[in-house]
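Happy to walk through this one with you. Let's take the labels one at a time and see what stands behind each.

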Amino acid sequence: MSTQNNKLNIKTAKDIQDASLIIDADVVVIGSGAGGAINAYELAKQGKKVVVLEAGPYVPSSEFKEMMAVAMGSLYQDEGGQSNTHGDVTVLQGACVGGSTVVNAALCFRTPDYFLNLWKAEHGLVNLTPELMSGYFDKVEKNLSIEPNAKHETSIGANLILNGLNKLAIEPGVAKRNIRDCAMSGFCFSGCKTDRKQSMLVTYLPWACNHGAEIYADTRVIRINTANGQASGVQAEVVDPKTKVVKAQVTVNAPIVVLAAGPIQSPIILQKSGIANSSGQVGKNFACHPSLSVTAMFDKEVNDFHGATHSLYVDTHTLPEEGGYILLNAVQEPVEASFQAEPGTGKNYVAYMEKYRNSIRLITLVHDENVGEVRFKDGVKEILYEVDDHDFEAMKAGLKFNARILFASGASFLYLPTSDRTVINSVDEIDSVIDQLKNEPARYRYTSFHPQGTCRMGADPANSVVNPYGESHDVKKLYISDASLLPTSIGYNPSETVYALSSYIADEIIKANFS
Ligand SMILES: Cc1cc2nc3c(=O)[nH]c(=O)nc-3n(C[C@H](O)[C@H](O)[C@H](O)COP(=O)(O)OP(=O)(O)OC[C@H]3O[C@@H](n4cnc5c(N)ncnc54)[C@H](O)[C@@H]3O)c2cc1C
């Protein structure tokens, strides 16, 4: 599908002059990320009037700054500062037109059959068979140009890691990404200025607008309205992105509501609305794939900041029974490097940053238990989450594996991402250094790129929020279509799962309402 001549039909706070706005639509979609954009397009294509409300700003690609520190302020939830209540896990999410797909690294995996089978056995999702899902994976892979990286896109650091994997006879996985002809700038996390990343901003949202959908940016949904047990629309407010002052109240009257605000905001909107929670599961079962990067220092300059953000992965231990961790290479820009390794300030820190060009990193990301909870308490968003002891052991196993690969790749020494200084000087030290690590909150610099769960899908209304077709068990015509649906953590980067599930749910909405 071409992105040529596609335009967004978008209003921002600047365009809104009235203090109150009432809009009638066939469908209102909350959030314009992976789940929201796909539903907006598929439903608008049916000739229905679709209105998309997005809390974040509209930032055209031409205005992206190729600096993560700046992008955090304009494209990320809470300016990149969203974290669990302990403050030891940063939970990154995009908050802009296009959602997290604008800032993500575009690495794509099909949902492993393992999880589809598990969800069938334990959550009654008999409909999501590998056969059915493969049709949806094919569809989104075609629409979003999800292809294996070309050889020339492999970053310099990834090539070093590839040498290490070959030496250790470990099978590397070649990344598949929703990127066309990568510009190899290494700035995925700051938004793709060249529009080669096939995010929702340059694909499904313009396609939806071509079918008449309207998007309101800077427009935060505060509650979902219901009448007679059915969704009837939403209340929202237009917020000036600079002053944070509420500029207008918006009511959208629509008989179908698609909630796709992501796994932190979707449960909060339901909690604020006081609906869809007869199971008590709204906000529960939160997982987030905590990750830690090991930084490897080389004796020479590597300059690992050009090329695909992710070039390769190792998934030999990713399924829970095999260990529960995946390794991903990632180019490392200075802002990330600055807080990953040498802690504190002073001479050691300056010496480390002076050698930033000599560093590469390898990420360990774990398949975590769904132990967290998102709640709205006393007017405050809370993410209650601690890395579980069992998950911490998976992380340690992953870090050891990771460390061996980095030494085989030619690293002279490694930094672990701890708040005190932890260095591994040789292969012989790997086990002793990592074995002494304890599961202590706030000692590690965890980053989560993949919040999930919180409105899980399932056949049993007593322990799930939506049914196997994405509709709330309690409120008819209220559909949820985002990463909050996942019944369990999947251990693999989840965007393709969200794309495929959202395409499926859009079809179910059409079947149930428009045919
Ligand atoms: C930095 C980063 C890197 C990542 N890299 C990868 C990767 O390489 N591969 C991969 O598979 N996954 C990656 N992900 C994760 C992936 O992008 C997400 O899993 C996916 O986008 C989730 O889709 P979603 O629809 O649930 O939410 P999102 O795409 O986050 O969209 C939710 C949208 O809802 C909006 N919203 C929130 N509250 C409201 C409200 N009250 N009213 C209106 N709108 C609201 C938000 O502003 C946001 O735009 C990454 C994520 C990040 C942040």
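Q: Where is Tyr76 found?
A: This is a predicted model, and in it Tyr76 is found in the loop between helix H2 (68-75) and strand S5 (89-91).

Q: Why is Tyr76 called buried?
A: The relative accessible area of Tyr76 is 7%. Buried means under 20%, so Tyr76 at 7% earns the label.

Q: What is Tyr76 in contact with, leaving aside its neighbours within four places in sequence?
A: Tyr76 is in contact with Met68, Ala71, Leu92, Gln93, Gly94, Ala95, Val103 and Phe189. Ser190 sits 114 residues from Tyr76 along the chain, yet their C-alpha atoms are separated by 9.4 Å.

Q: What makes Asn467 count as buried or exposed?
A: Its relative accessibility does: Asn467 has 15%. The cut-off for buried is under 20%, so Asn467 counts as buried. Its place is in the loop between strand S22 (446-448) and strand S23 (478-480).

Q: Which backbone nitrogen lies 2.8 Å from a polar atom of the Asn467 side chain?
A: That of Tyr469. The limit for a polar contact is 3.5 Å, and the 2.8 Å between these two atoms is within it. Leaving aside neighbours within four places in sequence, Asn467 is also in contact with Met457, Gly458 and His473.

Q: Why does Lys176 count as partly exposed?
A: Lys176 has 24% relative accessibility. Partly exposed covers what falls between under 20% and over 50%, so 24% puts Lys176 in that class. Lys176 is found in strand S8 (residues 176-178).

Q: What makes the pairing of the Lys176 and Glu141 side chains a polar contact?
A: Their distance is 3.2 Å, and the cut-off is N or O atoms within 3.5 Å. Glu141 is also among the residues that Lys176 touches, including Ala106, Leu107, Cys108 and Glu496. Lys176 and Phe109 are 67 residues apart in sequence but 7.2 Å apart in space, C-alpha to C-alpha.

Q: What is the sign of phi in Ser145?
A: Ser145 has a positive phi of about 50° although it is not a glycine. Most residues other than glycine have a negative phi. Ser145 lies in the loop between helix H5 (130-143) and strand S6 (146-148). With a relative accessible area of 11%, Ser145 is buried.

Q: What is the phi of His289, and where is its place?
A: Phi of His289 is near 50°, a positive value in a residue other than glycine. Its place is in the loop between helix H8 (262-273) and strand S14 (291-297). At 0% relative accessibility, His289 counts as buried.

Q: Why does Gln340 count as buried?
A: Gln340 has 3% relative accessibility. The cut-off is under 20%, so Gln340 counts as buried. Gln340 lies in helix H9 (residues 334-340). Among the residues in contact with Gln340 are Ser293, Thr295, Arg361 and Arg445.

Q: Which residues touch the most other members of the largest nonpolar core?
A: Ile224, Leu270 and Leu478 do, in a core of 109 residues. The largest share of this core, 8 residues, comes from helix H13 (residues 495-513). Apart from it lies another core, of 46 residues, among them Ile268, Val294, Ala296 and Ile424. Back in the largest core, Leu478 touches both Ile224 and Leu270.

Q: How do you know which residues are closest to the ligand?
A: Of the 41 residues that surround the ligand, the closest are Glu54, Ser100, Leu107, Ala483 and Ser495. By class, the shell has 22 nonpolar, 16 polar and 3 charged residues. The largest share of the shell, 4 residues, comes from H8.

Q: Which polar atoms of the protein lie 2.6 Å, 3.0 Å or 3.2 Å from the ligand?
A: An N or O atom in the side chain of Ser495 is 2.6 Å from an oxygen atom of the ligand. A backbone N or O atom of Ala55 lies 3.0 Å from a ligand nitrogen atom, and a polar backbone atom of Cys96 is 3.2 Å from a ligand oxygen atom. Taken alone the ligand exposes 1,000 Å², and the protein buries 97% of that.

Technical notes
Residues are numbered from 1 along each chain as its sequence is written. This is a predicted model: local features need pLDDT of at least 70, side-chain atom pairs count only at pLDDT 80 or more; totals for chains, interfaces and linings use all residues. Side-chain values use heavy atoms; hydrogens and water are left out. A nonpolar core is a set of buried Ala, Val, Leu, Ile, Met, Phe, Trp, Tyr and Cys residues joined through side-chain atoms within 4.5 Å. Buried means under 20% relative accessible area, exposed over 50%, partly exposed in between (1.4 Å probe, protein chains only). Helices (H or I, at least four residues) and strands (E, at least two) are DSSP runs, numbered from the N terminus. Contact means heavy atoms within 4.5 Å. A residue is near a molecule or strand if one of its heavy atoms lies within 4 Å of it. A polar contact is a pair of N or O atoms within 3.5 Å; within protein, one must be able to donate a hydrogen and the other to accept it, and residues adjacent in sequence count only if both atoms are side-chain atoms. Accessible areas come from the Shrake-Rupley method with a 1.4 Å probe; for residues, only the protein chains shown count as cover. Ala, Val, Leu, Ile, Met, Phe, Trp, Tyr, Cys and Pro count as nonpolar, Asp, Glu, Lys and Arg as charged, and the others, Gly among them, as polar.
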